[in-house]
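Trainee: I would like a close look at a single part of this model. Please take one helix and follow its contacts and charged pairs into the rest of the chain.

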Amino acid sequence: MLYNLGILFYTEGCHFAAAPSDQDKLKGVSKLTRALWAFTEIKRILPSIMSITIDVPDDINLSFINLLINYVIGMVYSILVELLGSKKGPVELASTNKAAAKHFQMAHDIIVGMKKCPIP
């Protein structure tokens with residue numbers, strides 16, 4: 001249920017973030033933040049679920065959830081860079097851009113790791 005909710009908010013967030021108006025982009029950040037909450041909740045409760053059953057779908061494993069979390073955080077930062085680009089100084093902009101790059105890199109590293117050790 002949380003996974004589906006997270007994907008729904010992620011999809012809506014991407015839709016609004018791609019819109020031309022700043023108001024819609026902010027709505028996209030809000031939706032992506034909600035998706036982040038859902039994925040973080042999954043990460044929090046996943047160990048207790050795994051201790052009860054081993055029959056968990058492949059797309060709900062800790063590596064994949066961490067991938068989604070880092071990707072969504074990177075997206076939020078990149079939207080903020082776009083929104084704040086003309087309103088903030090170069091130092092603040094560079095810092096936000098660096099945070100986005102960090103989370104996209106972590107998501108990429110998870111993908112590389114998953115290719116080396118695929119999900120059973």
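Mentor: What follows starts with helix H1 and then turns to the salt bridges.

This is a predicted model, in which local features need pLDDT of at least 70 and side-chain atom pairs count only at pLDDT 80 or more, while totals for chains, interfaces and linings use all residues. Residues are numbered from 1 along each chain as its sequence is written, and side-chain values use heavy atoms, with hydrogens and water left out.

Helices here are DSSP runs of H or I with at least four residues, numbered from the N terminus. Helix H1 covers residues 2-17, which is 16 residues. From its first C-alpha to its last, H1 reaches 22 Å, close to the 22 Å expected at 1.5 Å a residue; the expected span is 1.5 Å times one less than the number of residues.

For side-chain exposure, buried means under 20% relative accessible area, exposed means over 50%, and partly exposed lies in between, using a 1.4 Å probe and protein chains only. The buried residues in H1 are Tyr3, Gly6, Phe9, Gly13, Phe16 and Ala17. Seen down the axis of H1, these buried residues fall within an arc of 155°, so they line one face of the helix. The arc is taken from the directions from the helix axis to the C-beta atoms. Asn4 and His15, on the other side of H1, are exposed. The buried residues of H1 pack against helix H2 (22-52) and helix H3 (62-84), where contact means heavy atoms within 4.5 Å.

Now the charged pairs. A salt bridge is a side-chain nitrogen of Lys or Arg within 4 Å of a carboxyl oxygen of Asp or Glu, and by this rule the count comes to three.

One of them involves H1: the side chains of Lys31 and Glu12 meet at 3.2 Å, N to O. This pair links distant parts of the chain, with Lys31 in helix H2 and Glu12 in helix H1, 19 residues apart. Lys31 is buried at 15% relative accessible area, whereas Glu12 is partly exposed at 28%.

Another salt bridge joins Lys25 and Glu82 at 3.0 Å, N to O. Here too the pair links distant parts of the chain, Lys25 in helix H2 and Glu82 in helix H3, 57 residues apart. Lys25 is buried, at 6%, while Glu82 is exposed, at 52%.

Arg44 also forms a salt bridge, with Glu41, and their closest N and O atoms are 2.8 Å apart. Because Arg44 and Glu41 are three residues apart in helix H2, about one helical turn separates them. Arg44 is exposed, with a relative accessible area of 56%.

Definitions and conventions: Helices (H or I, at least four residues) and strands (E, at least two) are DSSP runs, numbered from the N terminus.
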